[in-house]
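This briefing is meant for a reader meeting the structure for the first time. It takes up salt bridges, then the surroundings of the DNA strands, and then the fold of one chain.

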2 protein chains.
Amino acid sequence: MPSTPLRADARRNRARLLDAAREVFAEAGLDASLEEIARRAGVRVGTLYHHFGNRTALVDAAIAPRVEAWVERVEEALAHPDPWEGLVEHLTLLAEWQTADRGFTEVCVRTLPADSATERAKARGHACYAELIARAQAAGALRPDVSPADVGLLVWAAVRATEGVRALAPDAWRRHLGVLLDGLRADRATPLPGGALDPATVRAAMTFP
Amino acid sequence: MPSTPLRADARRNRARLLDAAREVFAEAGLDASLEEIARRAGVRVGTLYHHFGNRTALVDAAIAPRVEAWVERVEEALAHPDPWEGLVEHLTLLAEWQTADRGFTEVCVRTLPADSATERAKARGHACYAELIARAQAAGALRPDVSPADVGLLVWAAVRATEGVRALAPDAWRRHLGVLLDGLRADRATPLPGGALDPATVRAAMTFP
DNA sequence: GCGGAACTTGAGGGCTACCTCAAGTAGTAC
DNA sequence: GTACTACTTGAGGTAGCCCTCAAGTTCCGC
């Protein structure tokens, strides 16, 4: 894990490793083979470890920018004039991104070390996202008995569920999201059992290796 | 894979292997380590292979009875006087079982060889289950624009989504199922994008190794 | 209580993955 | 153009998994 300005070849290899990592994580998730990433970057695995030290560091470096891009989108969603529309558009975007990138999908429900760039970005995003939910509830559009974690997990579930049929029915997730959104509207709600999932529970449950 | 009447010790070991397999598959899914299963049965892995030949045969022998039990329950659900109530109770049961048994969960969305006991049971169950769905739709309770596969995947998704928080919030799946069921009710459903998932698509997408 | 078949074992070959490190290679600063 | 050293490599140790098979052990019918 060098810190002084990198040599030209090293800089090139580092960039290639990050590109390969993003590709492979997107296809195979965060537990994908590091050997495969090195292979795709045209480099030996020793080089990968020279740059990143361990899997977690590589995941963080590869995924953080993606999470940061997501944070920007949550912020934009908050600016939408209609609270319900803003929420729906954002959840759809989230599902779209998750469909296209398994690494991103997994990072949404797993926790990296607290001092990682990814987790710092997520913390910012979560604050906005909670506001997005609260705003839709305050407007009377979103049922009041769900937490941000509930909604997030539901979207994640719709994506996961349709993963298997993706090759044959690439837009199946849109249907499932449609059913969910109907279930989330305040004007159709029947009372839910138990209490809403709180962030602490969710966080405690989802820590990376 | 012997066929003549088994010797006493062999019968005992076979039973132990099946018990261990059910336990391990329930905890870790159908890709669990066969070495671990042999270990837990107090037997070497060679014995496991002597009895079952390969992983698929063991999965089939271990899981088929569970699927057959499920089929009985679908048949019972069809006898429920209220189509919607019958469906809801059955989906709840299905989710309960999936929560308790990861092997069962996976066998719901993966396909074993067509001549396996498991697949033969599933075929019977699916026929009843499709009728259960159709009946609820005919009664005007279930939205007409979802297929049996859609509903099955949605339930599966609710279970999967809450897997991570199970230790801390064991009943989280009930809330998610609640949201789904609200989304599945026919009254005030908003139209879904795309067409319903058909069984052929789902089957083609989900074939075991 | 013995012979032979049924069963189990232990060892092992092949694979993939993780991660390490001494030794060699090649940018870069001068 | 040389010398320094950051960087890369190749080889390798560990570990887990899959599955096979010859040799040894245990049951069971007679």
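In this predicted model, a search of the whole structure finds 36 salt bridges over all chains. Side chains of opposite charge can pair when their charged atoms come close. The points below describe some of these pairs, the residues around DNA strand C and DNA strand D, and the make-up of chain A.

**Salt bridges**

- The side chains of Arg143(B) and Asp182(A) form a salt bridge, with an N to O distance of 2.8 Å, and the pair crosses between chains, from the loop between helix 7 (117–138) and helix 8 (148–161) of chain B to helix 9 (residues 172–184) of chain A.
- Both partners of that pair are buried: Arg143(B) has a relative accessibility of 0%, and Asp182(A) likewise has a relative accessibility of 0%.
- Within chain B, the side chains of Arg40(B) and Glu36(B) meet in a salt bridge at 3.1 Å, N to O, and because the two residues are four apart in helix 2 (residues 34–41) of chain B, they are separated by about one helical turn.
- Arg40(B) is partly exposed, with 35% relative accessible area, and Glu36(B), at 23% relative accessibility, also counts as partly exposed.
- Glu106(B) and Arg110(B) form a salt bridge in which the closest N and O atoms are 3.1 Å apart; Glu106(B) is buried, at 14% relative accessible area, and Arg110(B) is buried as well, at 18%.
- In chain A, salt bridges that share partners link Glu23(A), Glu27(A), Glu36(A), Arg39(A) and Arg40(A) into one network.

**Surroundings of DNA strand C**

- There are 22 residues around DNA strand C, and those that come nearest are Ala8(A), Glu35(A), Tyr49(A), Arg7(B) and Asn13(B).
- Of the atoms of DNA strand C that come within 4 Å of the protein, 73% belong to sugar and phosphate.
- Two contacts involve phosphate oxygens of DNA strand C: one such oxygen is 3.4 Å from a polar backbone atom of Glu35(A), and a polar side-chain atom of Thr47(B) lies 2.9 Å from a phosphate oxygen.
- Arg7(B) instead meets a base, since an N or O atom in its side chain is 2.6 Å from a base nitrogen of DNA strand C.
- At least two residues of the surface near DNA strand C come from each of helix 2 (34–41) and helix 3 (45–52) of chain A and helix 1 (8–28) and helix 3 (45–52) of chain B, and helix 3 of chain B gives the most, with four residues.
- By class, the residues of this surface near DNA strand C divide into nine nonpolar, six polar and seven charged.

**Surroundings of DNA strand D**

- DNA strand D is surrounded by 23 residues, of which the closest are Arg7(A), Asn13(A), Arg44(A), Ala8(B) and Tyr49(B).
- Sugar and phosphate make up 74% of the atoms of DNA strand D that come within 4 Å of the protein.
- A polar side-chain atom of Arg7(A) lies 2.5 Å from a base nitrogen of DNA strand D.
- Phosphate oxygens of DNA strand D are met by a backbone N or O atom of Ala8(B), at 2.7 Å, and by a polar side-chain atom of Arg55(B), at 2.8 Å.
- Helix 1 (8–28) and helix 3 of chain A, along with helix 1, helix 2 and helix 3 of chain B, each supply at least two residues of the surface near DNA strand D, and helix 3 of chain A gives the most, with four residues.
- The surface near DNA strand D has nine nonpolar, six polar and eight charged residues.

**Chain A and its record**

- Chain A has 10 helices and zero strands, and 51% of its 209 residues count as buried.
- Among contacts in chain A between residues at least 6 apart in sequence, 71% join residues at least 24 apart.
- According to UniProt, in an unreviewed entry, the feature "DNA-binding region" is placed at residues 33–52 of chain A; in the model this span is 80% helix and 0% strand, and its end C-alpha atoms lie 14 Å apart.

How values were computed. Residues numbered from 1 in each chain as written. Chains lettered and ligands numbered in written order. Predicted model: local features only at pLDDT ≥ 70, side-chain atom pairs only at ≥ 80, totals over all residues. Heavy atoms only, no water. Salt bridge = Lys/Arg side-chain N within 4 Å of Asp/Glu carboxyl O. Buried < 20%, exposed > 50% of the residue type's maximum accessible area, 1.4 Å probe, protein only. Near = heavy atom within 4 Å. Polar contact = N/O pair within 3.5 Å; in protein donor to acceptor, adjacent residues only side chain to side chain. Nonpolar A, V, L, I, M, F, W, Y, C, P; charged D, E, K, R; others polar. UniProt positions renumbered as here; feature names shortened; annotations may be inferred. Contact = heavy atoms within 4.5 Å.
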